[in-house]
Amino acid sequence: MNELIDKIEDSISQLLKYETKEFGKNAQDIVNVMMTLLPAIISIYNNPQMDDIRADAVYWPGQVERIIKVLENDDSFEIIDVLYNETHANLMELRDLLVERGLL
């Protein structure tokens, strides 16, 4: 999860600096890591300590789809919104919650 958070931060920095070649590689890495991490993220919601937010598990598959679509559209503002304001923020919130509940 930390790797994904770092990759998102790096990619947004590259996008803002117009480092398009590096951004393109990092963006593909984000999708690959998300696809690898997705089953683990979804399964953590099955832990009894996550009962109160179990329904939130459905967010993540839809978010992967949003990431892929926004990267295909090539709209920098939308990419920043989806990758950083949504995905990055929610990953950090989930990570902090998992730490707080002793699951990470």
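## A question to start

How does aspartate 51 count at 46% relative accessibility: buried, partly exposed or exposed? Aspartate 51 counts as partly exposed, because its relative accessibility is 46% and the exposed class begins over 50%. Please keep in mind on this tour that the model is predicted.

Aspartate 51 also has a partner. Arginine 54 forms a salt bridge with aspartate 51, and their closest N and O atoms are 2.6 Å apart. Arginine 54 counts as partly exposed too, at 32% relative accessibility.

## Salt bridges

In total, the structure holds 6 salt bridges. One of them joins lysine 7 to aspartate 29, with 3.6 Å between the closest N and O atoms. This pair links distant parts of the chain: lysine 7 belongs to helix α1 (residues 2–16) and aspartate 29 to helix α2, 22 residues apart. Lysine 7 counts as buried, because its relative accessibility is 17%. If you look around this pair, you will find a network of salt bridges that links Lys7, Lys25 and Asp29.

Another salt bridge is the meeting of the side chains of aspartate 52 and arginine 101, at 2.7 Å from N to O. Aspartate 52 lies in the loop between α2 and α3 and arginine 101 in the segment after α4, so this pair ties together parts that are 49 residues apart in sequence. Aspartate 52 counts as exposed, with 55% relative accessibility, whereas arginine 101 counts as partly exposed, with 23%.

## Helix α3 and its two sides

Now turn to helix α3, which covers residues 59–73. Its 15 residues reach 21 Å from the first C-alpha to the last, close to the 21 Å expected at 1.5 Å a residue.

Which residues of α3 are buried? They are Trp60, Gln63, Val64, Ile67 and Val70. These residues sit on the same side of α3, because they cover an arc of only 135 degrees around the axis. The buried residues of α3 pack against two other helices, α2 (20–44) and α4 (76–100). On the other side of α3 you will meet the exposed residues Glu65, Lys69, Glu72 and Asn73.

## Two loop residues with a positive phi

Most residues other than glycine have a negative phi. Here are two residues to view with that in mind. Right after α3 comes aspartate 74. Aspartate 74 is not a glycine, yet its phi is positive, at about 65 degrees. This residue is found in the loop between α3 and α4, and it counts as exposed, because its relative accessibility is 60%.

Tyrosine 18 is the other residue to visit. Its phi is positive as well, at about 60 degrees, although tyrosine 18 is not a glycine. Where is the place of tyrosine 18? Tyrosine 18 is in the loop between α1 and α2. With a relative accessible area of 71%, tyrosine 18 is exposed.

## A buried glutamine in α1

The last stop is glutamine 14, found in helix α1. Is glutamine 14 buried or exposed? Glutamine 14 counts as buried, because its relative accessibility is 15% and the limit for buried is under 20%. Leaving aside residues up to four places away in sequence, glutamine 14 touches Glu19, Glu22, Phe23 and Asn26.

Notes: Residues are numbered from 1 along each chain as its sequence is written. This is a predicted model: local features need pLDDT of at least 70, side-chain atom pairs count only at pLDDT 80 or more; totals for chains, interfaces and linings use all residues. Side-chain values use heavy atoms; hydrogens and water are left out. Helices (H or I, at least four residues) and strands (E, at least two) are DSSP runs, numbered from the N terminus. The expected span of a helix is 1.5 Å times one less than its number of residues. Buried means under 20% relative accessible area, exposed over 50%, partly exposed in between (1.4 Å probe, protein chains only). The arc is that of the directions from the helix axis to the C-beta atoms. Contact means heavy atoms within 4.5 Å. A salt bridge is a side-chain nitrogen of Lys or Arg within 4 Å of a carboxyl oxygen of Asp or Glu.
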